[in-house]
Amino acid sequence: MAEAAAQEERYGEFVAVRRHGYVAEFVLDRPKAMNAVSSAMAGAIGEACAALSADRDVRAVVLTSSHERAFCVGADLKERNSFTDAELLRQRPVARAAYTGVLDLPMPTIAAVHGFALGGGFELALSCDLIVADATAVVGLPEVSVGVIPGGGGTQLLPRRVGAARAAGLIFSARRLEGGGARGLGLVDPLVVGGRGRTGARALASRIAANSPVGLRAAKRALRLGHGLDLRAGLEVEDAAWRSVAFSGDRAEGVAAFNEKRAPQWPGE
């Protein structure tokens with residue numbers, strides 16, 4: 001499913017970022033291992049996320065895969081099997097930085113899931129704001145079946161998506177769910193026909209990217225920071241986000257464009 005792009009930046013051997021206007025396609029590109037996340041790949045993911053976070057021209061990110069049958073199968077267990085305890089401990093911050101890098105991207109992020117998205121692979125998707133999956137998707141957090149726990153945010157992100165009891169059942173049973181079942185339980189958002197997840201996610205990202213970049217980042221900040229707070233505290237978070245955009249160039253341009261019945265030309269500030 002490789003596609004030529006006008007601009008492509010490489011981060012190490014296993015990550016590519018392709019630009020489609022204001023949308024950045026973040027490609028997991030370790031096809032020989034079904035995108036299993038090795039130490040080198042985790043480092044590249046973190047590096048790419050740092051670059052994207054600093055890029056004010058990016059309004060939306062789509063996380064995709066170069067593999068035909070997998071989004072990402074999780075941690076590279078072959079590599080992990082070779083580690084001493086000391087090496088595993090040293091690798092932990094590198095792995096964490098990959099997942100938190102995706103989670104902390106300041107612009108809206110969409111995972112385009114096809115095929116297997118298991119363990120750390122599903123945690124990468126859960127770190128995005130939205131998950132577009134196609135009918136081939138198989139998702140789950142099976143870590144307890146190999147003696148560990150979801151360590152890329154899964155124990156925290158899944159209950160926020162589907163509720164505590166449902167998340168506990170899925171994590172404790174190491175259950176895998178196919179596309180329709182995953183959609184029914186709320187593990188993914190739109191479900192599209194097989195092979196159309198990437199196209200659907202890019203189309204959604206393009207619609208999002210037509211909006212104010214200042215507004216998008218502030219709305220994401222309010223959503224993330226306000227989640228889990230009581231209503232009054234959440235409204236204070238929202239008010240702070242509103243104040244950050246109310247006197248921006250984007251707000252002035254948006255109001256002017258509306259009144260002049262034209263498409264806005266966002267200054268992004």
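## Two pockets in a predicted model

The second largest pocket holds about 630 Å³ of space. This is a predicted model, in which local features need pLDDT of at least 70 and side-chain atom pairs count only at pLDDT 80 or more, while totals for chains, interfaces and linings use all residues. Residues are numbered from 1 along each chain as its sequence is written, and side-chain values use heavy atoms, with hydrogens and water left out.

A pocket here is an open set of points on a 1 Å grid over the protein atoms alone, where a 1.4 Å probe fits, with protein on both sides within 12 Å along at least five of seven lines; lining residues have an atom within 4 Å of a point. Volume means the space filled by probe spheres set on the points, with points joined across faces, edges and corners.

Back to that second largest pocket: 20 residues line it, and Cys-128, Asp-129, Leu-157, Arg-224 and His-227 sit nearest its centre. Strand 6 (109-113), helix 5 (154-162) and helix 9 (213-226) each give two or more residues to this lining, and helix 9 gives the most, with 5 residues. (Helices are DSSP runs of H or I, at least four residues; strands are E, at least two; both are numbered from the N terminus.)

Now the largest pocket, with about 760 Å³ of space. Among its 30 lining residues, Ala-75, Leu-77, Arg-80, Glu-143 and Val-148 are the closest to the centre. Helix 2 (77-82), helix 3 (85-103) and helix 4 (120-126) each supply two or more lining residues, with helix 3 giving the most, 7 residues.

Here's how the linings divide, counting Ala, Val, Leu, Ile, Met, Phe, Trp, Tyr, Cys and Pro as nonpolar, Asp, Glu, Lys and Arg as charged, and the others, Gly among them, as polar.

| Pocket | Nonpolar | Polar | Charged |
|---|---|---|---|
| Largest pocket | 15 residues | 7 residues | 8 residues |
| Second largest pocket | 11 residues | 4 residues | 5 residues |
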